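Visitor: Please take one contact region of this model and go through it closely. Then place it against its surroundings.

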Number of protein chains: 2
Amino acid sequence: MKLSFTDYISIKIHKTDLNLTSYVKEQLKEFNLAPEQNLIMMLLWEKDGLEQHQLAIHLNKDKTNIARMASNLEKKGFIKRAPVEGDRRSLRLFLTEEGKELGNKVIPVAEAFNETVCKGISKEELLELERLLTKMNSNVLCARQ
Amino acid sequence: MKLSFTDYISIKIHKTDLNLTSYVKEQLKEFNLAPEQNLIMMLLWEKDGLEQHQLAIHLNKDKTNIARMASNLEKKGFIKRAPVEGDRRSLRLFLTEEGKELGNKVIPVAEAFNETVCKGISKEELLELERLLTKMNSNVLCARQ
DNA sequence: ATCCAATAGTTGCTATAACAACCAAACTCA
DNA sequence: TGAGTTTGGTTGTTATAGCAACTATTGGAT
């Protein structure tokens, strides 16, 4: 077959992801929020009081990452962790007042970012892009059983 | 606007990238090669003797990462670093015999991986995907000036 | 009731990723 | 030619990312 470096679609996806993430990082810097920490906050702004393992599922991430990011967010004062009544293993994440206020400032920035990324791309094209990404994900999932 | 978490295209791209990278990592484990180390090797298998700063440009990565990954690849015995004649600042990366042999084993795995990812996706769809990713990249580039 | 498995979280380790600060070499230009 | 800038690389720090191994708790099965 002899593919060249530039032929691998996964490499293009990877580069795009790095590029977008780097821009997000820049945009969020003034809020003392890292990109992945922001993903946790986005979920909490939608639904407060999620448990760590629920976040791990939503974000497709290892529970160790969630634990450490949650710990960092707690240190920054944006969330509080509280044990779940009825299951002493679980921890629930709650927004602090500061965390709630942060949402009012960050969400508009996130939406503006999404606008920027999608500039000049139609709704149909966006759906097609999502469809292809989903297809690739399921292809890999399949191959791994 | 009120976007939901699942509406952000950047998050979908990010998740896809993580998923693909995680599969690559699994596939490369037996060769003692991490995914990003493999990208450097792929470039060297195409063109031996590249300099570190050239790799940084090809991979859109900070030079610090390249330096550390190159150092790791050297420790593993896959490459040797040699100063460039005529410019004592630069380092050139050369494949060792072991590194060259590794290519014969890894390249087929990489191509099979690409096949898996693109299964059921037509050439036209792939081109469209690339076009949209490129568009998003230039959108962000534009916004950052 | 008790053993066993599954679940939730943490700690330790390795590998990206980028920024800041730094050194040395090379270049520029007045 | 000599000062200031640019370039190539390294080290230190912070933030992901996932695996292995561990503790504690819960649930299940006999």
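Guide: A polar contact is a pair of N or O atoms within 3.5 Å; within protein, one must be able to donate a hydrogen and the other to accept it, and residues adjacent in sequence count only if both atoms are side-chain atoms. This is a predicted model: local features need pLDDT of at least 70, side-chain atom pairs count only at pLDDT 80 or more, and totals for chains, interfaces and linings use all residues. Residues are numbered from 1 along each chain as its sequence is written, chains are lettered from A and ligands numbered from 1 in the order written, and side-chain values use heavy atoms, with hydrogens and water left out.

Take DNA strand D. A backbone N or O atom of His53(B) lies 2.7 Å from one of its phosphate oxygens. From chain A, the side chain of Lys61(A) brings an N or O atom 2.5 Å from a phosphate oxygen of the strand. Ser90(B) addresses another kind of atom: a polar side-chain atom is 3.5 Å from a sugar or linking oxygen.

Now the wider surface. A residue is near the strand if one of its heavy atoms lies within 4 Å of it. DNA strand D is surrounded by 25 residues, and Glu36(A), Gln37(A), Lys61(A), Lys63(B) and Arg68(B) are the closest. Of the strand's atoms within 4 Å of the protein, 61% belong to sugar and phosphate. The nearby surface has eleven charged, nine polar and five nonpolar residues. (Ala, Val, Leu, Ile, Met, Phe, Trp, Tyr, Cys and Pro count as nonpolar; Asp, Glu, Lys and Arg as charged; the others, Gly among them, as polar.)

Elements next. Helices (H or I, at least four residues) and strands (E, at least two) are DSSP runs, numbered from the N terminus. Chain A supplies at least two residues each from helix 2, helix 4 (63-75) and strand 2 (87-95). Chain B does so from helix 1 (9-28), helix 3 (52-59), helix 4 (63-75) and strand 2 (87-95).

Both chains line the strand, and they also meet each other. Contact here means heavy atoms within 4.5 Å. Each side gives 59 residues. A salt bridge is a side-chain nitrogen of Lys or Arg within 4 Å of a carboxyl oxygen of Asp or Glu. Six cross this interface. One joins Arg131(A) to Glu125(B), with the closest N and O atoms 2.6 Å apart. Polar contacts link 30 residue pairs across the interface, both residues at pLDDT 80 or more.
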